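Good morning, everyone, and thank you for making time for this. Please have a look at the structure on the screen, and then I will take you through one helix and one cavity.

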Amino acid sequence: MSPRKAGNNPPTAADSSSGGMTARRRTVDTVESVELEDGTGGGVFAAGHGHHHHHQHRSQADCYDMLRRKVHSVWRFLRPGRNLGRWISGALMLLVVCTTFAKFSLMSGIPELDETRRGNEFLIRPRPEVNGGSNMPQNVVAEHANPGSLRHYQTLEIWRKPRSDNFHKCVSRTPKETRNGTATNGYILVHANGGLNQMRTGISDMVAVAKIMNATLVLPTLDHESFWTDPSDFKDIFDWKHFITALKDDIEVVESLPKKFAEVKPVLKAPVSWSKARYYRGGLLTLLKNQKVMKFTKTDSRLANNGLYSSIQRLRCRAMYEAIRYTAEIEKLGRVLVNRLRNNSEPYIALHLRYEKDMLAFTGCSHSLNSSEAEELKKLRYKVRHWKQKRIHGEERRLQGGCPMTPREAAVFLEAMGYPSATRIYIVAGEIYGKEGLEPLRAKYPNIYYHSTLATQEELKPFNQLHNQLAALDYIVAIESDVFVYTYDGNMAKAVRGHRIFEGFRKTISPDKQSFVRLIDELDQGKLAWEEFSSEVKRLHANRIGAPQYREVRLIPRTEEYFYANPFPGCICDTS
């Protein structure tokens, strides 16, 4: 048993029978006595902080009987014929009796209340931090008696979102920008290519292109021939009615071509990547006016990141973050998964661990894999025709920071950043490739979750083998996470990162992989002690947690920061 606090110890047999004056003496300032006129004497005692008097141990029945006799005595004392002064004195004495009895009853229950309080001492509410007006963490983790629980750690800093007090989203259209009338230069058909997030950003760009060309956008079709060969179409993944309604003041979106144009053969075009508005207002617009129906066969990165009118940049964000919404079924299950992860208000990390077969084959990375696994990836890379780069030196690419982190590297990174082993981690990815799979990560962080472990088979049944719809579930969980960490800067990482910036600069850790690979290799070689390694990792990433930073602009559009990875400036305003 844990030692009790002084002053709360119950009296022992030795205390009451020692014969010493201290043990028998009642504390005068905490005991009250009342003797009534009828001579019954004795009085009623209520003990406070001193030793208990033996009258406190009477049964409740004796107390009630005594009170009845005292009241009867008072009634005889206050019978008619007495003077007014005696009536008043009697009333005061009755009040004293009632007060004393109530106090006795309350004091007798204190030990039970004290035991209840001690039994719940593990529910400690941490004090809010005041740190020069900085943002409070989105989740405050309580302290728990169990050292293995997150509540044992007052891990405020690792969950704290970066400061962004003076920044807010600003994407509203002005009256001048609001669409008037129904005049159109023609109809644009769009075939969105790539995976889910590549299609999301491509569709958002096509909304902006339709505005630039004053064209009507037909509901996009989706790619069914990418790596996952998902047959889902726009209506299966997105809330198409909301998409049309949300954009009605910007452009006209129709479900299909009008009958008069249904038989018209569209002009096929693959727009030039990273194009400015003048490209679409030039020869393409003339062609559209003449032919009335045009089909864009590619949508990924077909609009420049910078150098566009502010009204177009705001429209891109309205399309990406407001108009494109998943179906009600996907949104509902996504919220269910988030709520299950947040059981007992626990924070969680969404880890985009892109150590998957397709990505490893595409990048040529095989660190930590055996020779047969590396050969399998090489064969896949040569098999996929549209992957242009075939001969890749994987280890050299890794040292340059161009490879996804391995599960073991991800575990070491999170530990170095200060996340305890009890941290809940949601894996935003498909099946992890390699014989070891996820075990190196799970060995350090056992609380690992996928959509397949959080949802029941019945809940996932409508989405089985539909990889884009399952990716949509992952997207929702990633957006709502307390911390998002990505180990490869691919399409999903860019889309989620930008969306989290748009929603208030939610904490997003962007690993400096080139520096981290160098450090972890030195750690493994014994050149660095753990404390030195961890300190250097924290230092390198102090400014890589998603705080407000202007989007990087470079001479070559392909190498500059992607608009949807950081919509600031364009869709976020600084009011400082």
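Let me begin with a question: which residues in H18 are buried? Please keep in mind throughout that this is a predicted model. The buried ones in H18 are Pro-407, Glu-409, Ala-410, Ala-411, Val-412, Phe-413, Leu-414 and Ala-416, where buried means a relative accessible area under 20%. Because eight of the 10 residues of this helix, which runs over residues 407–416, are buried, H18 is largely enclosed by the rest of the structure. Just after H18 comes Gly-418, which takes a positive phi of about 105°.

To set this helix in its context, the chain has 25 helices and 13 strands, and of its 576 residues, 47% count as buried. Among the contacts between residues at least 6 apart in sequence, 73% join residues at least 24 apart.

Now let us turn to the empty space inside. The count comes to four cavities of 30 Å³ or more, and I would like to dwell on the second largest cavity, which holds about 50 Å³ of space. Glu-409, which we have just met as a buried residue of H18, is one of the residues that line this cavity, and the others are Arg-398, Gly-401, Cys-403, Pro-404, Met-405, Lys-513, Phe-516 and Val-517. Helix H24, residues 513–524, gives the most to this lining, with three residues. Sorted by class, the lining of the second largest cavity has five nonpolar residues, one polar residue and three charged residues.

Notes
Residues numbered from 1 in each chain as written. Predicted model: local features only at pLDDT ≥ 70, side-chain atom pairs only at ≥ 80, totals over all residues. Heavy atoms only, no water. Helix = DSSP H or I, 4+ residues; strand = E, 2+ residues; numbered from the N terminus. Buried < 20%, exposed > 50% of the residue type's maximum accessible area, 1.4 Å probe, protein only. Contact = heavy atoms within 4.5 Å. 1 Å grid on protein atoms, 1.4 Å probe; cavity = no way out; pocket = protein on both sides within 12 Å on 5 of 7 lines; lining within 4 Å. Points joined across faces, edges and corners; volume = space filled by probe spheres on them. Nonpolar A, V, L, I, M, F, W, Y, C, P; charged D, E, K, R; others polar.
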